[in-house]
Amino acid sequence: MTKPVIIIMAKQPIIGATKTRLVPPLTFAEAANLYQALLLDTIDLVTSIVTVDMAVGVTPPTAKPYFQQITPPQTRLLPVEGRDIGACLHAVTSELFAQGYQKVLAINSDGPSLPAKYLTRAVELLDSHEVIFGPNDDGGYYLVGLLQPQPRLFEEIPWSTDQVFKQSLSRSTELGLQTRILPSWYDIDTGGDLRHLIDELKNARPKQLTHTRAFFSQSSPTRLQEMDTKP
């Protein structure tokens, strides 16, 4: 494959199981709907980069029909199962290398305000580095880019903790991999992240984050104010 590929690690939104840390200030239904909006805007973000192919890591595997409905026809859909996030990341990145890709990047699905230039920069940096990380403000990472499968990079990492990026970077160093780090960004997990997103939307370009804007536009001014102020 001549183009790099960016795979979005995504889950089907399910009321009562999706983004539950946002409840309150959101209801369970609102949390699931917000995640769907974030996911759709993430798909739009990657689609806007014409120099890459797009793939989606589908969780649960039975959700493939849902993702077929919301992604462009050329999207590669890879059903994902694994004991933890690391196993899932290794599975999908290895599969894409097996399909012939020479640059594989995986990103999360709930940080769609990420500047596109961060993604294109990550692709460029893979010309001279073996691993690229985009750290999250919460201690995880929103992006990992690879030139070949790296199973040890995803093993024995305390996933879903604030030590993920720190320990992943240490592992990369232990493996002797040439590594580069992108600027930090954030995803939407807590009330504080929600406030950050609302503030960012106030200054975003009109055609940016259209699905997320639509979600908030359907909220009453009182509800919007509540979301903006509750921790």
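Colleague: Which residues lie nearest the centre of the largest pocket?
Modeller: This is a predicted model, where local features need pLDDT of at least 70 and side-chain atom pairs 80 or more, while totals for chains, interfaces and linings use all residues. The pocket (on a 1 Å grid over the protein atoms alone, an open set of points where a 1.4 Å probe fits, with protein on both sides within 12 Å along at least five of seven lines) has lining residues with an atom within 4 Å of a point. Of its 39 lining residues, those nearest the centre are K11, I85, D110, S160 and D189.

Colleague: Which element gives the largest share of that lining?
Modeller: Strand 1 (5-11), helix 3 (85-98) and strand 6 (141-146) are among the elements that give two or more residues; helices (H or I, at least four residues) and strands (E, at least two) are DSSP runs, numbered from the N terminus. The largest share, four residues, comes from strand 6.

Colleague: Which side chain of opposite charge is nearest to D187?
Modeller: D187 sits in the loop between strand 7 (179-181) and helix 6 (191-203). D187 is buried (under 20% relative accessible area, 1.4 Å probe, protein chains only). It has no salt bridge (Lys or Arg side-chain nitrogen within 4 Å of an Asp or Glu carboxyl oxygen). At 5.9 Å, the nearest oppositely charged side chain (Lys and Arg positive, Asp and Glu negative) is K19.

Colleague: Why does R171 count as buried?
Modeller: R171 belongs to helix 5 (residues 164-174), with numbering from 1 along each chain and side-chain values using heavy atoms, without hydrogens or water. R171 counts as buried because its relative accessibility is 9%.

Conventions:
Buried means under 20% relative accessible area, exposed over 50%, partly exposed in between (1.4 Å probe, protein chains only).
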